[in-house]
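This report walks through one protein chain, beginning with the whole and then turning to its parts. Please keep the structure in view while reading.

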Amino acid sequence: MRLTKFLIIVLFFLGVYLIAPLPSFAARNVRIINYNYDTHFSIGETVTFSITLKNNEGFITNPYGLFVLTKQGTTTGIENYTAAAVLGAGATAVLTKTWAAVEGLYSVTIKAYEESVPGDIVTQTIYAPLAIHVGSTTDSVAAFPRVIDLGTLQYGRYMHPMPFEVSWSFYSRSTQVRKDHPWYMRLYTDNHRRYEGISGAIYSATSPAGLVSSDGKYTIPLKIWCLNYGPGVEDGWDTSLLGPPPIKEDSYWKGPLLDTGKRDDSRANWSRIPDYIDMTADPGTWRKLIGQDPYNTQYVSDSNLTGDFTLSSPFQVFIAYETSPTAVVGKYSTDLILEIYSP
């Protein structure tokens, strides 16, 4: 159940106040009719911004453009002003500005200005949907700690209270179209070499994913969660405040209940970790933690044109498992493989 709180502010005005009217200004109508910039650069490359302004007013004005770059994780923008143009009524001008690229991911805000006294006036502001990505080809991925001891496994569902942290850096782009290559960070187990299973068992094709017993016959599945897996606040759990959704809730562990009485496991927030042999060339068989794919409609939207579902480095990943009283006693272990993969 979602609870919505309303803050009601009641203002009481007593008495009568006479306020002098503000001076009126003519409507400012210098408009941005086009802008352009590439989005992917190496460190030190020259980024060129262009803006096309049109004067819709009936007098000559001196407009200019501003490109503000705000680096991810900061609040202070880098300001890049163009030169001013002298425009008659109905005239247009293309103005440019260059910037030496500095490593980082930048949001872009574009403004049109008109010179005025006592201060210049902003006539239009655009929040551009495409970020500028500046990076190097130095790629890395690491996890801490390197070894996780789950202790004595309990019956039922259990989330290991300590997550592991993933640090990463990856940048791969096409120099021709200056866009990211699709890439994913995926996680899987590497048990297929030592998993034997039980000879003659009905389910002989059981996946070796998860924890594998020391004799190679039994497995205990593992699940993971990170911020990309939700749920959203509208689903009754605020992950940004509360962290991983509760494993005891079937709607998060197995998926929401459908009208048919079955569970929609594709919408479960805790996701199974596959084994290497479970994965195919189809990215849908991978367990993707983060990534970017501007060509996959699963990730691309009007508000996310680059298909970016990365998380800032480092980010946390939680592990959980489920056992039953029939689980075979023994020692279990696995190797978790974390890798960045670009198809």
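The sections below take up confidence, overall make-up, strand pairing, the nonpolar cores and one buried residue.

## How far the model can be trusted

The structure is a predicted model, and its confidence is therefore a sensible place to begin. The mean pLDDT of the protein chain is 86, with 89% of its residues reaching 70 or more. Among the secondary structure elements, the mean is lowest in strand S2 (residues 40-42), at 89, and highest in strand S15 (residues 222-225), at 97.

The beginning of the chain needs more caution, since pLDDT stays under 50 over residues 1-27, and the model has two contacts for this stretch beyond four places in sequence. Where pLDDT is low, the predicted coordinates should not be read in detail.

## The chain as a whole

The secondary structure of the protein chain consists of two helices and 20 strands. Of the 343 residues in the chain, 37% are buried, while the accessible surface comes to about 20800 Å², 55% of it belonging to carbon and sulfur atoms. When contacts with a separation of 6 or more are considered, 66% of them are between residues 24 or more positions apart.

## How strands pair

One open sheet is formed by three strands in the order S1-S3-S6, with antiparallel pairing. Its edge strands are S1 (30-36) and S6 (92-100), each of which pairs on one side only. On average, neighbouring strands of this sheet are turned by 25 degrees against each other, direction ignored. Within the sheet, S1 and strand S3 (residues 46-55) run antiparallel and are joined by six bridges; Asn36, for instance, has Ser50 in S3 as its bridge partner.

Strand S8 (residues 121-135) takes part in pairings of two kinds, one of them parallel, with three bridges to S2, and one antiparallel, with 10 bridges to strand S7 (residues 104-114). In the pairing with S2, Phe41 stands opposite Val134 of S8, and in the pairing with S7, Ala112 stands opposite Gln124 of S8. A hairpin passing through six residues joins S7 to S8.

## Two nonpolar cores

In soluble globular proteins, nonpolar side chains tend to be buried together. In this model the largest nonpolar core has 30 residues, and those with the most contacts inside it are Met185, Ile224, Leu289, Phe315 and Val317. At least two residues of this core come from each of strands S11 (164-169), S12 (183-189), S15, S17 (288-292) and S18 (315-323), and S18 gives the most, with six residues. Apart from this core lies another, of 24 residues, which includes Val30, Leu95, Val108 and Ala128.

Which residues surround Met185, once its neighbours within four places in sequence are left aside? Met185 is in contact with residues from several parts of the chain, including Val141, Val166, Trp168, Leu289, Phe315 and Leu338. The contacts of Met185 also include Arg287, Lys288 and Glu339.

## A buried residue in a helix

Thr239 lies in helix H1 (residues 239-242). Is Thr239 buried or exposed? Its relative accessible area is 13%, and because a residue counts as buried under 20%, Thr239 is buried. Leaving aside its neighbours within four places in sequence, Thr239 is in contact with Trp225, Leu227, Gly230 and Pro231.

Definitions and conventions:
Residues numbered from 1 in each chain as written. Predicted model: local features only at pLDDT ≥ 70, side-chain atom pairs only at ≥ 80, totals over all residues. Heavy atoms only, no water. Helix = DSSP H or I, 4+ residues; strand = E, 2+ residues; numbered from the N terminus. Buried < 20%, exposed > 50% of the residue type's maximum accessible area, 1.4 Å probe, protein only. Contact = heavy atoms within 4.5 Å. Areas by Shrake-Rupley, 256 points an atom, 1.4 Å probe, with all protein chains shown as cover. Pairing = 2+ DSSP bridges. Axes fitted to C-alpha atoms, helices over the stretch in contact; angles between N-to-C directions. pLDDT = per-residue confidence, 0-100. Core = buried A, V, L, I, M, F, W, Y, C linked by side-chain atoms within 4.5 Å.
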